[in-house]
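Subject: A structure for you to look at

Hi,

Here is the structure I promised to send over. Please open it alongside this message, and then read on for what turned up.

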Amino acid sequence: RVLITGGLGQLGSGLAEILRQQYGKENVILSDIKKPSAHVLSSGPFVYADVLDYKQLRELIVNNGVTWLVHYSALLSAVGEANVALARKINITGLHNVLDLALENCLRIFVPSTIGAFGPSSPRDPAPDLCIQRPQTIYGVSKVHGELMGEYLHHKYGLDFRCLRYPGVISAHTHPGGGTTDYAIQIFHDALSTGRHECYLRPDTRLPMMHIADCHRATVEFMHAPQSWLSLRTYNIDAMSFTPEEVADEIRKHVPQLRVTYKSDPVRQMIADSWPVRFDDSNARRDWGWTPVYGLEGLVSDMLHSIREKRTDEGLPVS
Ligand code: VAH
């Protein structure tokens with residue numbers, strides 16, 4: 001049985017849907033500290049779970065016979081910089097709670113890391129799996145800590161800890177939560193509503209990005225990989241890298257009227273400029289067969305199609 005923490009964020013519901021197809025609806029429990037939508041509630045088991053409440057989480061894991069834990073609870077990049085104390089609590093104390101419970105109950109645990117786990121002194125183009133990591137956000141610092149703690153518990157106690165460093169994840173039906181790569185989602189909604197997008201990054205800011213379907217598939221394939229295949233416990237996964245200018249040009253092939261203005265936000269520009277430009281994911285491709293499906297063209301046409309469909313269903317005009 002799988003428990004997903006932070007399940008109402010950008011990734012939880014989509015991953016739950018895939019795992020429920022494989023393991024049955026009742027065997028994948030989505031959890032968070034907020035009230036779910038009627039759609040989420042009707043899709044399968046949802047429970048309240050606060051990763052800061054060790055005892056409640058332990059009761060949940062024991063009473064439900066949980067065997068896998070997917071830990072999506074975290075404050076992401078720009079949001080974390082605006083609330084460092086809470087980010088440290090959720091991203092570090094919350095992480096320790098789930099790692100301890102995974103150890104105590106012999107769970108397989110997946111904890112995502114991120115392009116944000118690297119900093120300006122890391123090799124940036126590309127960033128390999130193993131290199132200097134001095135991130136300059138509490139989000140990045142907490143994710144490097146997560147990688148190190150998980151790998152330590154694996155080596156010392158045999159914890160089946162697994163970690164993928166995600167690029168910026170692009171999704172049509174769920175909202176992003178971090179703030180730095182989120183322009184690359186908002187630009188699609190703006191293109192199909194007002195035709196105008198104001199971008200908070202410079203037009204030439206290149207960042208690694210990935211379609212949410214590739215992100216979910218990578219996570220599921222990685223969770224299924226036999227441990228004997230894994231030469232590492234933390235892997236980069238890469239799909240594409242683009243700049244605001246490039247994604248705007250690709251969207252204009254479908255929505256010619258899109259106009260983009262640039263008003264750089266110093267905080268998010270500084271964060272983006274400290275992150276890798278591209279990932280070297282050759283270890284993931286070699287060890288467990290990782291390969292992306294979506295590139296920039298496929299991402300843009302799929303996102304526009306999905307958002308057009310969503311707006312039509314909601315009775316909203318589509319430009
Ligand atoms: C953010 N979308 O912008 C998230 C993600 C790698 C980026 O963590 O913080």
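Let me start with one residue, Trp-68. With a relative accessibility of 13%, Trp-68 counts as buried, because the cut-off for that is under 20%. Please bear in mind throughout that this is a predicted model.

Aromatic pairs

The aromatic pairs come to ten in the count. In one of them, Trp-68 meets Tyr-23: the ring centres are 5.9 Å apart and the planes stand at 75°, so this is an edge-to-face pair. Tyr-23 belongs to helix α1 (residues 12–23) and Trp-68 to strand β4 (residues 68–71), so the contact ties together parts that are 45 residues apart in sequence. Unlike its buried partner, Tyr-23 is partly exposed, at 33% relative accessibility.

Another pair worth a look is Tyr-72 with Phe-110. Here the centres are 6.5 Å apart and the planes are at 85°, so this pair is edge-to-face too. Tyr-72 sits in the loop between β4 and α4 (77–81), while Phe-110 is in strand β5 (residues 108–110), so parts 38 residues apart in sequence are tied together. Both Tyr-72 and Phe-110 are buried. They also belong to a cluster linked by ring pairs, whose other members are Tyr-166, Phe-222, Tyr-235, Trp-288 and Trp-290.

There is also a charge over a ring: Arg-268 lies over the face of Tyr-200, 3.7 Å from the ring centre.

Helix α7

How many of the eleven residues of helix α7 (residues 183–193) are buried? Nine are, so the helix is largely enclosed by the rest of the structure. The buried residues are Tyr-183, Ala-184, Ile-185, Ile-187, Phe-188, His-189, Asp-190, Ala-191 and Leu-192. In an α-helix there are 3.6 residues a turn, so residues three or four places apart point the same way. After α7 comes Gly-195, which has a positive phi, near 80°.

Cysteines

The number of disulfides in the structure is zero. Two cysteines make a nice contrast in setting: Cys-106 is exposed, with a relative accessible area of 70%, whereas Cys-199 counts as buried at 1% relative accessibility.

If you are wondering where to begin, try the cluster that includes Tyr-72 and Phe-110, and then turn to helix α7, where Phe-188 and His-189 are among the buried residues.

Happy browsing, and best wishes

Technical notes
Residues are numbered from 1 along each chain as its sequence is written. This is a predicted model: local features need pLDDT of at least 70, side-chain atom pairs count only at pLDDT 80 or more; totals for chains, interfaces and linings use all residues. Side-chain values use heavy atoms; hydrogens and water are left out. Rings of Phe, Tyr and Trp (its six-membered ring) pair if their centres lie within 6.5 Å; planes under 30 degrees apart count as stacked, over 60 as edge-to-face and the rest as tilted. Helices (H or I, at least four residues) and strands (E, at least two) are DSSP runs, numbered from the N terminus. Buried means under 20% relative accessible area, exposed over 50%, partly exposed in between (1.4 Å probe, protein chains only). A charge sits over a ring if NZ of Lys or CZ of Arg is within 6 Å of the ring centre and within 35 degrees of the ring normal. A disulfide is a pair of cysteine sulfur atoms within 2.5 Å.
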